[in-house]
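Here are my notes on the model, point by point. Please read them with the structure open.

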There are 2 protein chains.
Amino acid sequence: MNTLTVDLGTRSYPIYIGQALLGKPELLEKYISGQQVMLVSNETVAPLYLQTVLDMLAGFETATVILPDGEQFKNLDTLNTIFSALLENRFNRDCTLIALGGGVVGDITGFAAASYQRGVPFLQIPTTLLAQVDSSVGGKTGVNHPQGKNMIGAFHQPRCVLIDTNTLDTLDDRQLAAGLAEVIKYGLIHDADFFAWLETNMDALKARDKQALGYAIERSCAIKAEIVAADERESGKRALLNLGHTFGHAIETGTGYGTWLHGEAVATGMLMAADLSARHGWLQAEAVQRTEQLLQRAGLPTTPPESMNEEQFRQLMSIDKKVIGGNLRLVLLKNMGEGIITGDFRQELLSETLNMGS
Amino acid sequence: MNTLTVDLGTRSYPIYIGQALLGKPELLEKYISGQQVMLVSNETVAPLYLQTVLDMLAGFETATVILPDGEQFKNLDTLNTIFSALLENRFNRDCTLIALGGGVVGDITGFAAASYQRGVPFLQIPTTLLAQVDSSVGGKTGVNHPQGKNMIGAFHQPRCVLIDTNTLDTLDDRQLAAGLAEVIKYGLIHDADFFAWLETNMDALKARDKQALGYAIERSCAIKAEIVAADERESGKRALLNLGHTFGHAIETGTGYGTWLHGEAVATGMLMAADLSARHGWLQAEAVQRTEQLLQRAGLPTTPPESMNEEQFRQLMSIDKKVIGGNLRLVLLKNMGEGIITGDFRQELLSETLNMGS
């Protein structure tokens, strides 16, 4: 087992990464306040791992909520089912929530914890690659609004993140690929060597080689922990983690939540960001090509949906959280391994990128 | 004009109290980030003051949301209408929200600000006595759940609180009385001299004497600011501000939100707390009598609803935010002007108090 720390002063917490960690209750127990534990999962993950986690919680008063599976259910109505379950079970302000599942379960559960009785603790047990390398770490929680992805939420850090890499055995290929999109992101924004490592090891990752996956998860979490520790509330550098997300969120909202997986939309969004960077002369054509090839080898889409036109993209992008004073800023690439946040791009070049799919 | 400060380090903010402050845009302008301002009010207050406030915001890009009026609308659905309006108007993370109205408008708007794009600033312009002396100050925001009052929310401090006492001219008598309940609360928990002052000045307050109301508001805000500064997130002393609220929230939820006004339920709850304190020998019978008389002179109810029995009270009180480790704690009185938070009360005496109404 490896342990990383997200260094946030009094709100610091560990990320445990290893095989068969779901059999080790001592990793969870010390982070649980009080006696009441609400376990939140979804209908796909619960049949696989719910009982195992409940077995780790012997001695606590437990209750469970099983959410429907999919991005289209990441909304206020689903959030309210968690509040109802907490109140029906008379859970008090000293209860603890545990998220067992992918990014949707983690984001909703975290926001429920941030808001229930104005804030209770929660723990993350991510079971998808995407949640393990990205969404379970860093405290961004929330739900979608029909008009915008992740528009309602809170910063609320978990007490610990428990990553059992054995849970990837039950992940389907499409979900595995979606997680690899965020892994590739870390290489692009922060670590050219890691990108090169991914080029060398993509076949092993796709074949679910445990050692390769373990290293990719650890390296991804380490980069994320470093960036989050430097800028918890995204007043600066943390926005780098949004490479491809402004385009990607527009795709997810524009095509209807759940049609594209988040990681798929981010993959296409990252290629659009690379393309736009290259059009400005900031990134070499070869780097764009390497990005496209690596994403495709991971099994990810790299072309925006034909159903979306430039106008729809621009409208959806105008409510991006990085807009300041009415000006959109984007995460672009100055070099392989070097992301930048900038509003200093040319509109006619953006138009060309937004029309990549048509 | 008087200015008080809520001292919370980098999140400190002023409370401005005076007549005709709605004509002074300079009091608001410096607290507004960015250019986009969303003004949230309700259908009762908007016809009276919305235009005046919009006139103060010349030069900003403004939009408005008008909520239905009443505690029964303080829920996730109404909250979502604010999010929808923000997104329809393409409001970004550098927008500012302004709450113009009573406690319901302030609580919902504050929670919308806490959650929109994971947090934007907001200002409070309270127009009811209750909001002016209590709910607009201190950063408690949120909405109700059918099973529990204020169960969903966040701590999110406003940037400033602007109290124009002229707005009380349009307040109906029942709402004025409801506000006086929270004013009396400050005397009971913290300041016996203020309680005595209220006994002397209750007729002037009921007659809406501006000087008397101004003093009562200022003294109430000063006590609240002091307590909030000492314990922002209610890990201790701040719970004193909940005198009467555990009983009162049970009454509001049990009779259906909007049937009893919050201040009415708190008035009855405070008398129940005084009664229970006296049954333990902590408070003299004379103090209970003085409390009952002052509440009644203010025009407030002091008897729990006949429709509620002990069992319903106990069930609703079991999810109170002050429960720790399954044990209910209550705010009781050791003396006139001296509140205490304690789980050390006798169940059979609580039963007697809960049966006061039957």
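1. A term first. A nonpolar core here is a set of buried Ala, Val, Leu, Ile, Met, Phe, Trp, Tyr and Cys residues joined through C-beta atoms within 7 Å. The model is predicted. In the model, the largest such core holds 232 residues. Which of them touch the most other members? They are A:V40, A:I98 and A:A273, together with B:V40, B:I98 and B:A273.

2. Take B:V40 as the example from that group. Leaving out residues up to four places away in sequence, B:V40 touches B:V65, B:L67 and B:I82. B:V40 also touches the run B:L97, B:I98, B:A99 and B:L100. B:V105 and B:T109 complete the list. One of these partners, B:I98, is itself among the residues with the most contacts in the core.

3. Now the domains. The domain assignment splits chain A into domain 1 (2-170) and domain 2 (173-354). Their C-alpha centres lie 25 Å apart. The contact draws 29 residues from domain 1 of chain A and 30 residues from domain 2 of chain A.

4. Which elements of domain 1 of chain A give two or more residues to the side that touches domain 2 of chain A? They are β1 (2-6), β2 (13-18), α5 (129-135) and β8 (148-155) of chain A. The largest share, 5 residues, belongs to α5(A). By type, this side of domain 1 of chain A has 12 nonpolar, 12 polar and 5 charged residues.

5. Next, the two chains. Their contact takes 30 residues from chain B and 30 residues from chain A. On the chain B side, α3 (76-88), α4 (103-115), β7 (140-145) and β8 (148-155) of chain B each supply at least two residues. β8(B) gives the most, with 6 residues. The side of chain B that touches chain A divides into 12 nonpolar, 13 polar and 5 charged residues.

6. How are the copies related? Two copies of a chain are related by a rotation about an axis and a shift along it. Here, a turn of 180 degrees and a shift of 0.0 Å along the axis lay chain B on chain A, with an RMSD of 0.0 Å. That is the relation of a two-fold axis. The same surface serves both copies, and 100% of the contact residues of chain B recur in chain A. Of the residues of chain B, B:L76 comes closest to the rotation axis, with its C-alpha at 3.8 Å.

7. B:F111 merits a look. This residue lies in helix α4 of chain B. Is B:F111 buried or exposed? B:F111 is buried, because 26 other C-beta atoms lie within 10 Å and the cut-off for burial is 20 or more. Its contacts, neighbours within four places in sequence aside, are B:L79, B:T141, B:G142, B:V143, B:G153 and B:A154. B:G153 is 42 residues from B:F111 along the chain, yet their C-alpha atoms are separated by 6.0 Å.

8. Helix α6 (residues 173-190) of chain B has 18 residues. The helix reaches 26 Å from its first C-alpha to its last, close to the 26 Å expected at 1.5 Å a residue. α6(B) is mostly covered, with 16 of its 18 residues buried.

9. Check two backbone angles. Most residues other than glycine have a negative phi. A:A20 is not a glycine, but has a positive phi of about 60 degrees. A:A20 sits in the loop between β2 and α1 (26-29) of chain A. A:A20 is exposed, with 10 other C-beta atoms within 10 Å. A:R90 also has a positive phi, near 55 degrees. Its place is the loop between α3 (76-88) and β5 (96-101) of chain A. A:R90 is partly exposed, with 17 other C-beta atoms within 10 Å.

10. Last, B:Y257. Where is B:Y257 found? In the loop between α9 (245-255) and α10 (262-279) of chain B. B:Y257 is partly exposed, with 18 other C-beta atoms within 10 Å. B:Y257 and B:F73 are 184 residues apart in sequence and 8.3 Å apart in space, C-alpha to C-alpha. Not counting residues up to four places away in sequence, B:Y257 touches B:E71, B:Q72, B:K74, B:N144 and B:E252.

Definitions and conventions. Residues are numbered from 1 along each chain as its sequence is written. Chains are lettered from A and ligands numbered from 1 in the order in which they are written. This is a predicted model: local features need pLDDT of at least 70, side-chain atom pairs count only at pLDDT 80 or more; totals for chains, interfaces and linings use all residues. Domain bounds come from an automatic or database domain assignment. Two residues are in contact if their C-beta atoms, placed from the backbone, lie within 7 Å. Helices (H or I, at least four residues) and strands (E, at least two) are DSSP runs, numbered from the N terminus. Ala, Val, Leu, Ile, Met, Phe, Trp, Tyr, Cys and Pro count as nonpolar, Asp, Glu, Lys and Arg as charged, and the others, Gly among them, as polar. Copies are superposed by least squares on the C-alpha atoms of residues with pLDDT of at least 70 in both. A residue is buried if 20 or more other C-beta atoms lie within 10 Å of its own, exposed if 12 or fewer, and partly exposed in between; C-beta atoms are placed from the backbone. The expected span of a helix is 1.5 Å times one less than its number of residues.
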